[in-house]
Amino acid sequence: MELLKGKKGIITGALNDKSIAWKVAERAIAEGAEIILTNTELSLRMGTLNDFAEKHGCKLIAADATSIEDLGVLVDGAMEHFGGPFDFVLHSIGMSPNVRKGRPYEALDYNFLGKTLDISALSFHKLLHTLYTKDALKEWGSVVALTYIAAERSFVGYNDMADAKALLQSIARSFGAIYGPARHVRINTVSQSPTATTAGQGIAGMEDMLKYAERMSPLGNATADDCADYIVTLFSDYTRKVTMQNLYHDGGFSSVGLTAAEVASFPKQEND
Ligand SMILES: NC(=O)c1ccc[n+]([C@@H]2O[C@H](COP(=O)([O-])OP(=O)(O)OC[C@H]3O[C@@H](n4cnc5c(N)ncnc54)[C@H](O)[C@@H]3O)[C@@H](O)[C@H]2O)c1
């Protein structure tokens, strides 16, 4: 099946073969799409995206997603390459200097917080703004951004990324209300299970988070490959009336109170 046959789009945030965006890029190509890949200059030098682009014959455009100027170059470059407006965009970008430098939430560095919010949330608004003002997306186009359930519930260790994800999800709703009537473009966020990626490893206690989520998800944690399968459906024509939603892709974690697997993991008390 070629779910994305004839469709064209931009995929941000693929750093290496662990990245969720890397898996989405592979899956989109397998489903017949033509894609442009983008990441920061530094990531392009550090990661292995150049090899991917060469192997699959994809255009690469460097862009810092916090820079309106870079995003303009990216979107203009994509329009030129594709010969006009295109169909889909994946926002798969996140980074917190507070997390990286081990600053706890109760003692955030506010300059770092500004960077967290700019990179992980405002970049989504800047990207949408650039796409909208350049009328770069086709009618019934689709934009997806990745998020995490810590936007709605507190998760120890997720730190200021929780605030960034709450803002990201709000931007999807606010821009969706504008882009929908104007161009029938849909905007959604996918709330993914914890996943072992470079960004994921930065979160304190990630291993425990993965194990806990595994026990608390009736279907088990969703992998990056599972996430890619889901996201291509959101780029396809089968989800044209889905917009402004935060869509959980987490093996059922978000609807669970307590699972048998979690109970079984409790240590036995002496007088049990
Ligand atoms: N890994 C998880 O557990 C998990 C769970 C839910 C949601 N997510 C989200 O998925 C998305 C992708 O993360 P991932 O887990 O694949 O990790 P990743 O580290 O592979 O991807 C993060 C990407 O963000 C890019 N990036 C950072 N700053 C940038 C900037 N200024 N401009 C452009 N790109 C920039 C990095 O270069 C990298 O490619 C993020 O939004 C993350 O928060 C991850």
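In this predicted model, helix H8 supplies three residues to the shell around the ligand, the largest share of that shell. The shell comprises 27 residues, of which Ser-19, Gly-94, Thr-197, Ala-199 and Gly-200 come nearest to the ligand. Two or more shell residues are given by each of helix H1 (20-30), strand S5 (137-147) and helix H8 (198-201). By residue class, the shell divides into 15 polar residues, 11 nonpolar residues and one charged residue.

The strands S1, S2 and S3 were examined next. Strand S1 (residues 8-12) pairs with S2 in the parallel sense, over five bridges. Within this pairing, Gly-9 has Ile-35 of S2 as its bridge partner. The connection from S1 to S2 passes through H1, and the resulting β-α-β crossover is right-handed. Helix H1 is thus an element of this crossover and also one of the elements that give two or more residues to the ligand shell. Strand S2 also pairs with strand S3 (residues 59-62), again in the parallel sense, through four bridges. Here Leu-37 stands opposite Leu-60 of S3. Strand S2 (residues 34-39) is largely enclosed by the rest of the structure, because five of its six residues are buried. In a regular strand, side chains alternate between the two faces of the sheet.

Helix H10 (residues 224-235) contains 12 residues. The distance from its first C-alpha to its last is 16 Å, close to the 16 Å expected at 1.5 Å a residue. Its buried residues are Ala-224, Asp-226, Cys-227, Ala-228, Ile-231, Val-232, Leu-234 and Phe-235. An α-helix has 3.6 residues a turn, so residues three or four places apart point the same way. The buried residues of H10 pack against the strands S1, S4 (86-91), S5, S6 (186-192) and S7 (246-249), and against helix H1. The packing partners of H10 therefore include S1 and H1, both of which take part in the right-handed crossover to S2.

The loop between H10 and S7 holds Arg-240 and Met-244. Arg-240 is partly exposed, since 13 other C-beta atoms lie within 10 Å. Beyond its neighbours within four places in sequence, Arg-240 is in contact with Trp-140 and Arg-186. Arg-240 and His-184 are 56 residues apart in sequence, yet their C-alpha atoms are 8.6 Å apart in space. Met-244 is likewise partly exposed, with 17 other C-beta atoms within 10 Å. The phi angle of Met-244 is near 60°, a positive value in a residue other than glycine.

A positive phi in a residue other than glycine is also found at Trp-140, where the angle is near 65°. Trp-140 is placed in strand S5, one of the strands against which the buried residues of H10 pack. Trp-140 counts as partly exposed because it has 13 C-beta neighbours inside 10 Å.

Ala-150 is located in the loop between S5 and helix H7 (161-183). With 22 other C-beta atoms within 10 Å, Ala-150 is buried. Residues up to four places away in sequence being excluded, Ala-150 touches Phe-155, Tyr-158, Met-161, Ala-162 and Lys-165. Ala-150 and Phe-124, which are 26 residues apart in sequence, have a C-alpha to C-alpha distance of 18 Å.

Two glutamates were also considered. Glu-2 lies in the segment before S1 and is exposed, with 11 other C-beta atoms within 10 Å. Leaving aside neighbours within four places in sequence, the contacts of Glu-2 are Glu-31 and Gly-32. Glu-2 and Ala-28 are 26 residues apart in sequence, with their C-alpha atoms 9.1 Å apart. Glu-69, in helix H4 (residues 68-82), counts as exposed because it has 10 C-beta neighbours inside 10 Å. The C-alpha atoms of Glu-69 and Gly-102 are separated by 31 Å, the two residues being 33 residues apart along the chain.

Methods
Residues are numbered from 1 along each chain as its sequence is written. This is a predicted model: local features need pLDDT of at least 70, side-chain atom pairs count only at pLDDT 80 or more; totals for chains, interfaces and linings use all residues. A residue is near a molecule or strand if its C-beta atom, placed from the backbone, lies within 6 Å of it. Ala, Val, Leu, Ile, Met, Phe, Trp, Tyr, Cys and Pro count as nonpolar, Asp, Glu, Lys and Arg as charged, and the others, Gly among them, as polar. A residue is buried if 20 or more other C-beta atoms lie within 10 Å of its own, exposed if 12 or fewer, and partly exposed in between; C-beta atoms are placed from the backbone. Two strands pair if DSSP finds at least two bridges between them. A crossover is right-handed if, with the strands pointing away from the viewer, the path from the first strand over the helix to the second runs clockwise. The expected span of a helix is 1.5 Å times one less than its number of residues. Two residues are in contact if their C-beta atoms, placed from the backbone, lie within 7 Å.
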